[in-house]
Each structure stands twice: as structure tokens, then as C-alpha cells.
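Reader: I'd like to go through this one label by label. Can you tell me what stands behind each word you use?

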Amino acid sequence: MVRRFKYSLRFKLTILLMVLMTLTIFGSLGITWIGARTYFLQHLKNRMEEMYYDINDIFSNEEYTENDVREALSNLEAKNEINVFVLTRNGIIYSTTDEKSTMRESMQAISDLLNGEDEDGLEDAFDADQSGYFFFNKNNDVKMNSSFYDLVGVLDDGSMVVLRSSAKRFDESVVNTIKLSSYVGIITIFVACLVIFFASAHYTRPIHEMAVVAKRMAQLDFDSKVDCTSQDEIGELGRSINSLSEELETTISELKQANAELRKDIEEKTQIDEMRKEFLSHVSHELKTPIALIQGYAEGLKENISDDMESKDFYCEVIMDEANRMNKMVKKLLSLNELEFGTNRVHFERFDIVELIQNINNTTDILLQQNQNRLQFDYYQPIYVWGDEFMIEDVYSNYLTNAIHYAPAGGKVIITLEEKENSLLRINVYNDGNPIPEEELDKIWIKFYKVDKARTREYGGNGIGLSIVAATMKQHGRDYGAYNTENGVVFYFELEMAKKQAATK
């Protein structure tokens with residue numbers, strides 16, 4: 001976590017701005033340190049000049065008494081913190097320092113030095129009529145062991161004035177100012193870093209969100225979007241990422257769809273190949289016996305194995321019977337292939353299922369008589385359903401034929417109609433007889449699968465009929481199946497009723 005933060009844009013941005021601000025502030029302090037003395041010195045000189053002109057105005061005012069002058073000078077000294085020493089033409093001394101102080105002696109010494117040490121020199125200086133200050137300079141007072149900034153000048157009335165400010169106090173002011181600026185700069189850097197650190201989150205958070213969204217996009221998760229409403233470059237980048245996500249989602253969706261279709265095509269091709277192999281295998285197996293019989297009896301006829309007409313007629317009947325069996329099987333296989341490949345489409349129509357069952361029942365009378373079975377169907381009122389009538393006719397015929405052939409001699413075949421939920425009608429075909437083994441119930445719908453191969457052969461069955469039933473009902477999208485009862489087996493299939501009606505007898 002620490003390593004990741006160390007290399008984060010937020011951390012780098014904070015460090016960069018902190019370094020720039022530090023260089024800026026301390027650069028400014030360096031410039032201030034260099035220029036501060038010049039600035040403060042000029043400021044001190046300006047203050048002394050203003051004070052000089054104020055003192056000149058005081059001594060130019062004839063209404064001022066000596067006490068007024070002294071009080072005015074004291075006020076100026078207190079206001080500007082600058083010592084004042086004035087020597088008039090009459091030899092009167094005005095000073096804001098004590099009469100016996102070293103400061104006064106030092107300032108008077110400067111005045112004496114400039115005016116001369118005797119009265120003639122003093123008169124000459126005053127007679128010169130030199131108004132304005134002589135100089136502003138820094139002096140080192142050996143006696144006081146200190147340095148001062150002095151302004152010495154002559155007033156309009158010829159009085160000599162000396163203004164003095166401590167150089168030590170001046171230097172302390174400069175140093176304190178630099179220190180204050182340094183403290184303010186350090187505090188400013190610290191506060192600025194905090195502000196930058198937290199403010200930078202406003203700019204780095206959208207970038208972090210974009211990184212998260214981009215990582216999810218790399219994992220093909222396109223539901224995440226960048227929530228960025230700003231109109232700057234970051235907002236534009238966020239909208240571009242959202243647009244890219246949508247385009248990638250659309251493109252990948254199209255690729256997946258194309259891939260699914262390709263996979264489906266491959267599966268269908270593989271299924272077709274497997275069905276073709278299976279078809280050839282089953283057909284060759286199923287045709288092997290009838291072809292062998294036909295070949296054997298045909299060779300017998302050719303070789304005149306039996307000369308009597310009755311045997312020849314028998315041989316011919318066997319050949320015709322086996323050829324007819326092969327013809328039926330081929331037709332059923334073709335019909336099943338059409339159903340499985342979807343080439344034989346369901347044409348839904350409304351028809352009377354009762355009438356369809358009755359018509360098929362009527363065609364099986366001879367078969368019922370041969371097997372000595374009794375058929376029971378007690379429905380006479382029309383019941384309309386939706387479906388492909390010709391396909392449903394084939395489904396019911398397969399059920400009924402199986403029921404008749406598997407019912408024992410003298411057994412019953414019972415057809416019932418049962419109304420189910422969601423307007424569905426179940427058609428049940430029951431026959432007496434032995435139950436189908438439970439483990440075989442799911443296998444009887446497989447092509448060429450026979451539970452009792454011997455009995456199936458007896459009546460010409462080839463294991464295709466129930467496969468046709470399964471394929472037909474799958475195309476209708478309806479349920480079908482078989483289950484055992486106490487005395488027999490029930491096969492059923494369901495159809496949608498055309499309208500709400502009861503299955504009345």
C-alpha cells in the first residue's frame with residue numbers, strides 16, 4: 001500500500017508542487033534578505049527627512065515658546081523613536097536625551113565637529129546660510145561602542161540639527177523581519193502541502209476511477225462507467241473511455257454471436273456426420289437380415305430347390321414381405337431424418353382430435369381381430385386442439401400399433417383423454433401386458449432400440465416409430481412419455497386445446 005502510494009500521481013504531484021513552492025518561498029526570502037537592508041535603510045532615511053522637515057516647521061513658527069518646542073520635539077522622538085539634538089544660533093540646545101547622557105554628548109560632539117570648536121568657526125558656519133541637511137550616514141561611536149545612523153542638517157533659521165537612530169535596532173528590525181518572513185514561509189509551505197495533498201484528490205480520483213474501469217474492461221466487464229461530468233481534459237478522457245467501453249461491448253457481443261453461430265454450425269456439422277454414421281450403421285444392421293432372406297429365397301427359386309408351386313409361392317411371399325418391410329423402414333427413416341433436421345416443419349392448425357382417433361381406430365379393426373384385442377374409446381363430442389394434424393396422426397398410429405401388438409391375446413387397449421392445466425389435453429394409450437423395465441423407459445425413444453427384439457421382429461417393428469414420436473412432439477414443444485401401471489403400460493402425449501372445453505364422453 002505504501003509502495004503504491006509512493007508511486008501514485010497524487011504523491012508525485014504533491015511533492016512536485018511542494019518543491020516548487022519551497023524554492024519559490026526561500027528564493028523570495030533570499031531576495032528579501034538582499035534587498036531588505038536597502039529598503040529599510042531608505043525607509044529610515046525618508047523618516048529622518050520627514051522628521052527634519054517637521055522640526056524645521058517647529059522652529060519656523062514664531063508663536064512657539066521654548067517649552068512648546070521642547071514638547072513638540074519630545075513628541076516627534078516618541079513617535080519615530082529617533083533621538084533629536086538641536087543647537088540654535090543663540091547657543092540654545094534642545095535635546096530629547098538627558099543632559100548628562102553619553103548619547104547627548106556624542107550628538108553634541110558631532111555638532112561641534114561640523115560647526116568648528118570656537119565661536120568664529122560657529123559664526124562662519126551659521127553665516128554660510130546652508131539650509132538643508134549636510135549628510136545621512138552611518139557612524140561608529142567609539143565612546144559609546146555602538147553604531148548609529150545620523151542625519152545632520154541646518155534649519156531655515158540657521159539652527160544645527162542632529163537626528164540619530166540606533167544601527168543595532170535597525171539591524172534587529174531587518175533580522176526579525178527576515179525571521180518572520182521565514183516562519184510565515186514555512187507555515188505557508190506546510191499549509192499549502194496539506195491543501196495540495198487533499199485538493200489533488202479532486203483531480204486524481206477520476207483518474208483512479210478510470211484505471212479501475214479500464215481494468216474491468218480488460219476483464220470484459222463493460223457495466224462499469226466513469227462518472228465524470230467535468231468539462232476539462234479529464235472529463236473528456238472519461239467520456240472517451242465510456243465510449244470505448246460501449247464500442248468494445250458491442251464489438252465483443254458481435255464476435256461472441258458470430259462465434260456462437262460458428263460453433264453451432266460446427267456442432268450441426270458434427271451432429272450430421274454422427275447421424276450419418278449412425279444412420280448407415282443402423283440401416284446396414286436392419287437391412288442385413290431381410291437382404292439375406294431375400295437373397296436366400298431368390299437363390300432357391302433360381303436353383304429350383306422345390307418344384308411344387310406351393311413352395312415357390314411361399315418363397316415369393318417371403319421375398320415380398322421382406323421387401324415391403326425394408327420399404328416401410330426406409331420411409332420411416334426418411335421421415336425421422338426430416339424431423340430431426342428440421343426440414344419437415346410443423347404447420348399448426350385447429351382440428352378435432354376425437355375424429356382423428358376414431359378414423360385411425362376404424363382402420364385397425366382387422367389388426368385387432370387378428371390379435372383378439374378389444375379397443376375401448378368412449379368419446380364422441382368434438383374436442384379441438386392445435387397441432388400438425390398429419391404429424392399427430394402418425395404419433396397416435398405408432399402408439400396404437402404398439403399397444404395392439406404388445407397386448408396379449410384377449411387383452412384390452414383403452415384410449416382416454418385427460419384435461420390438464422394450462423389448457424392442455426393429454427391423450428393416453430393403454431394396453432394390457434407386461435410392464436417395460438424401468439431402466440428401459442428412457443431408452444425406448446432412441447432410434448432402433450428394441451426392448452423385445454424377438455417380438456418386434458414378429459410384427460415388423462424396427463425401433464423407429466417411437467423415435468418419430470419423440471421428434472414430432474419436440475417440434476410441437478409438448479410433453480410425451482410412457483409409464484407402467486399395475487396390469488399394463490400407458491403411452492401419452494399432450495396438445496394445446498383450441499378453447500376451454502371438457503373431454504366429454
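Author: What follows is a set of questions about labels, each answered with a value and a cut-off.

Author: Before we start, this is a predicted model, where local features need pLDDT of at least 70 and side-chain atom pairs count only at pLDDT 80 or more, while totals for chains, interfaces and linings use all residues. Residues are numbered from 1 along each chain as its sequence is written, and side-chain values use heavy atoms, with hydrogens and water left out.

Reader: Fine. What makes the pair of Trp 445 and Tyr 480 edge-to-face?

Author: Rings of Phe, Tyr and Trp (its six-membered ring) pair if their centres lie within 6.5 Å; planes under 30 degrees apart are stacked, over 60 edge-to-face, and the rest tilted. A search of the whole structure turns up ten aromatic pairs. In this one the centres of Trp 445 and Tyr 480 are 5.0 Å apart and the planes stand at 80°, so the pair is edge-to-face.

Reader: And what parts does that pair of Trp 445 and Tyr 480 tie together?

Author: Trp 445 sits in the loop between strand S10 (424–432) and helix H12 (453–458), and Tyr 480 in strand S11 (residues 480–484), so the pair ties together parts that are 35 residues apart in sequence. Helices (H or I, at least four residues) and strands (E, at least two) are DSSP runs, numbered from the N terminus.

Reader: Why is the pair of Tyr 483 and Tyr 492 called tilted?

Author: Their ring centres are 6.1 Å apart and the planes are at 50°, so that pair is tilted.

Reader: Are those four residues buried or exposed, and how do you know?

Author: Buried means under 20% relative accessible area, exposed over 50%, and partly exposed in between (1.4 Å probe, protein chains only). Trp 445 has 15%, so it counts as buried. Tyr 480, at 19%, is buried too, and Tyr 492 is buried at 11%. Tyr 483 has 35%, so that one is partly exposed.

Reader: What makes you say that Arg 426 sits over the ring of Tyr 492?

Author: The test is NZ of Lys or CZ of Arg within 6 Å of the ring centre and within 35 degrees of the ring normal. The charged end of Arg 426 is 4.0 Å from the centre of the Tyr 492 ring and sits over it. Arg 164 likewise lies over the face of Phe 148, 4.3 Å from the ring centre.

Reader: Back to Trp 445: what does it touch?

Author: Contact means heavy atoms within 4.5 Å. Leaving out residues up to four places away in sequence, Trp 445 touches Tyr 399, Leu 466, Ser 467, Val 469, Ala 470, Tyr 480, Gly 481, Ala 482 and Phe 491. Ring pairs also link Trp 445 with Tyr 399, Tyr 480, Phe 491 and Phe 493 into a cluster.

Reader: What makes a set of residues a nonpolar core?

Author: A nonpolar core is a set of buried Ala, Val, Leu, Ile, Met, Phe, Trp, Tyr and Cys residues joined through side-chain atoms within 4.5 Å. The largest has 40 residues, and Ile 353 and Trp 445 have the most contacts inside it. Helix H11 (389–406) is among the elements that each supply at least two residues of this core, and the largest share, seven residues, comes from H11. Apart from that core lies another, of 26 residues, including Met 48, Met 51, Phe 59 and Tyr 149.

Reader: How do you know that the span of H13 agrees with what is expected?

Author: The expected span of a helix is 1.5 Å times one less than its number of residues. For the twelve residues of H13 that should be 16 Å, and the end C-alpha atoms are 17 Å apart, which agrees.

Reader: Why is H13 called mostly covered?

Author: Ten of its twelve residues are buried. Among them are Leu 466, Val 469 and Ala 470. Just after H13, Gly 477 takes a positive phi of about 75°.

Reader: Which residues have a positive phi although they are not glycines?

Author: Asn 422 has one of about 60°, and so has Ser 423. Asn 422 is found in the loop between S9 and S10, and Ser 423 lies in that loop too. With 70% relative accessible area Asn 422 is exposed, whereas Ser 423, with 31%, is partly exposed.
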